[in-house]
Amino acid sequence: MRCQPSKEHRVVVVLMLAVIVLAGCSQSSKSQRTARVTVAPTTASSTTDASTSTTAPKPASPRPKLILAHKFTAAQRQVAQGYFAAVRAHLRASEHPTRHPSELALTYSGAMLNAARADIARLAQDHHAVRLPAKTKSLVRVDGVRINGLTAVVDVCTVDDAIVYEQPVGSIVDSDVVSHKRRATLRLTAGHWKLLFRSSKVKQEGVGACG
């Protein structure tokens, strides 16, 4: 004769199973809620840090226009680019002058290098610096290039409206606008055209020489 569980016994067993199932569901739900709360602040914090650390780029300083007057050959354009590089290097050194502007050796050579270094050292000694006006008229236009082996002659017209000012007060020392017709000699050194010599053929007040 097999013993049959009573009705009361079956009810107790069902209730115990129900309690176990509910406890498992409750524990699972609690774990999921805890995970969401932990991750959310981390994501929000990262977003906040990224947005607050973003800074607007500084506006670029004015620069002279660099112009090729003709459709030169590739070799002639390389010479012209060497001259333009010397102009840019001198301007950068003038904006933050030091007594020993060594970077000029990358674009100048010989006596012209010595003269350029002396110009920058003099600015530093006098506590002066150079900047271009916001709406600068400054330009460098290459009108002709003649290559002869390792040297080249360049005809250039320039407009210079650079402002010389006193540091740190900012008082303007010189703001004249002048234009020049110049002839420059460059030498090819270690694969780079460097400014070796330059003379002024015409000098005028204002922009007339390059009109």
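This briefing describes the two sheets of the structure and a helix that lies across one of them. The model is predicted, so local features need pLDDT of at least 70 and side-chain atom pairs count only at pLDDT 80 or more, while totals for chains, interfaces and linings use all residues. Residues are numbered from 1 along each chain as its sequence is written, and side-chain values use heavy atoms, with hydrogens and water left out.

**Terms**
- Helices (H or I, at least four residues) and strands (E, at least two) are DSSP runs, numbered from the N terminus.
- Two strands pair if DSSP finds at least two bridges between them.
- Angles run from 0 to 180 degrees between N-to-C directions, with axes fitted as lines to C-alpha atoms, for helices over the stretch in contact (heavy atoms within 4.5 Å).

**Sheet of 3 strands**
- An open sheet with antiparallel pairing has the strand order β2-β5-β6.
- Its edge strands, each pairing on one side only, are β2 (128–131) and β6 (172–174).
- From one strand to the next, the twist averages 40°.
- Strand β5 (residues 163–166) pairs with β6 over 2 bridges in the antiparallel sense.
- Tyrosine 165 has isoleucine 172 in β6 as its bridge partner.

**Sheet of 5 strands**
- The order β1-β3-β4-β7-β8 describes an open sheet with mixed pairing.
- Here β1 (65–68) and β8 (192–205) are the edge strands, and each pairs on one side only.
- The twist averages 25° from one strand to the next.
- Strands β1 and β3 (residues 139–148) run parallel and are joined by 4 bridges.
- Isoleucine 67 has arginine 141 in β3 as its bridge partner.

**Helix across the sheet**
- Helix α2 (residues 74–95) lies across β1, β3, β4 (151–160), β7 (178–189) and β8.
- Relative to β3, helix α2 runs at about 135°.
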